[in-house]
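Welcome! Have the sequence and the 3D view ready, and let us walk through this protein one part at a time.

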Amino acid sequence: MIVSVIRRGGVPTRARLMACVVTIGELLPHLSGLRVERVEIRPEVLLITALTRDDVPRVCPGCGRESGWAHSRYVRRVADEAVGGRAVVIELSVRRLYCENTDCPKVTFAEQVNGLTERYQRRTPALRRLVEAVAVALAGSAGARLLLVLHQALAGTTVLNCLIRIRLPGRAVPRVVGIDAFALLKGHRYATVIVNADTGERNGGTARPALLDRDGLAA
Ligand SMILES: [Zn+2]
């Protein structure tokens, strides 16, 4: 799809106005592999209707083989980062594909578009990362208020759920640890300090540390 825009030069005079033509794929690169059928500008929302191409095979998540054998189509609504002060919603027609590998446990699978859709997600990866960054910094209600400024209307509980679903980075199992127990209130309350003997990293708690159950750890 071709979009006509007016690009203004450095000085805002009429003589410096320069007309140019850009494609929707240049404005929104993650849509470049799609057939964009309609762009509707509403007061607060930019609604884009698009569909995936029939001639592009997708990788089956069950076995890793590509397939382009279409079973059916359905429409997903995916929220994207705001553009020009408007929230962006993409109504995307995607295919359900047969897996052609007879040994694969999946008979059919839903296609995903790189940079645009993720399994079980109603937001693009870029918007998901934005919401997660806000959730990490501000959590529930405060995060929802900041996201509203960014033209993303989410409830505080939704922001909290996004925070809870963020996968924590894996941590290496310490090779050697030092453990010391001490009394916070003698006879009533005790605590434990665990130190990674290689790095000096500390952790604390009052229960038996789960890391002692890991293989390869010497205490
Ligand atoms: Zn498969």
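In which sense do strand 7 and strand 8 pair, and over how many bridges? Strand 7 (residues 70-83) pairs with strand 8 in the antiparallel sense, over 11 bridges. Please keep in mind as you look around that this is a predicted model.

## Strand 8 and its partners

Let us stay with this pair for a moment. Strand 7 and strand 8 form a hairpin, with two residues between them. Look for G84 in the turn, where phi is positive, at about 60°. To see the pairing at a single position, find D80: its bridge partner in strand 8 is V88.

Strand 8 pairs with other strands too. With strand 4 (residues 45-51), strand 8 pairs in the parallel sense, over seven bridges. Here you can pick out L47, whose bridge partner in strand 8 is V89. Strand 9 also runs antiparallel to strand 8, and three bridges join the two. In that pairing, L97 stands opposite F109 of strand 9.

## The zinc site

Now turn to the metal. Which residues coordinate the zinc ion? The SG atoms of C60, C63, C99 and C104 do so, at 2.3 to 2.4 Å. The angles among these four donor atoms are 100 to 113°, and the site is tetrahedral. Along the sequence, the donor residues follow the spacing C-x2-C-x35-C-x4-C.

Two of these donors show how the site joins parts of the chain. C63 is found in the loop between strand 5 (58-59) and strand 6 (66-67), while C104 is in the loop between strand 8 (86-98) and strand 9, so this pair ties together parts that are 41 residues apart in sequence. Are these two residues buried or exposed? C63 is partly exposed, because its relative accessible area is 30%. C104 counts as buried, because its relative accessibility is 10%.

## Salt bridges

Next, look at the charged side chains. How many salt bridges does the count come to? It comes to 11 salt bridges. One of them joins R35 and E37, with their closest N and O atoms 3.5 Å apart. R35 has a relative accessible area of 44%, so R35 is partly exposed. E37 counts as partly exposed as well, because its relative accessibility is 49%.

A little further along, E40 meets two arginines. The side chains of E40 and R38 form a salt bridge at 3.4 Å, N to O, and those of E40 and R42 form another at 2.9 Å, N to O. In this way R38, E40 and R42 are linked in a network. How open is each member of the network? E40 counts as partly exposed because its relative accessibility is 22%, and the cut-off for buried is under 20%. R38 is partly exposed, with a relative accessible area of 46%. R42 counts as partly exposed too, at 39% relative accessibility.

## A buried glutamine in a loop

Where does Q121 lie? Q121 sits in the loop between strand 9 (108-110) and helix 2 (125-138). Its relative accessibility is 19%, so Q121 counts as buried. Neighbours within four places in sequence aside, Q121 is in contact with R76 and R128.

## The two sides of helix 3

Last stop: helix 3. Which residues of helix 3 (residues 141-149) are buried? They are G143, A144 and L147. These residues lie on the same side of helix 3, because they cover an arc of only 100° around the axis. It helps to know a general rule here. An α-helix has 3.6 residues a turn, so residues three or four places apart point the same way.

What covers the buried residues of helix 3? The cover includes helix 2 and helix 4 (156-165). On the other side of helix 3, you will find R145, L148 and V149 exposed. Just after helix 3, notice H151, which takes a positive phi of about 65°.

Methods
Residues numbered from 1 in each chain as written. Predicted model: local features only at pLDDT ≥ 70, side-chain atom pairs only at ≥ 80, totals over all residues. Heavy atoms only, no water. Helix = DSSP H or I, 4+ residues; strand = E, 2+ residues; numbered from the N terminus. Buried < 20%, exposed > 50% of the residue type's maximum accessible area, 1.4 Å probe, protein only. Contact = heavy atoms within 4.5 Å. Donors = N, O, S within 2.8 Å, 3.2 Å for Na, K, Ca; no water. Tetrahedral: all angles 85-135°; square planar, octahedral: opposite > 155°, others 65-115°. Salt bridge = Lys/Arg side-chain N within 4 Å of Asp/Glu carboxyl O. Pairing = 2+ DSSP bridges. Arc of directions from axis to C-beta.
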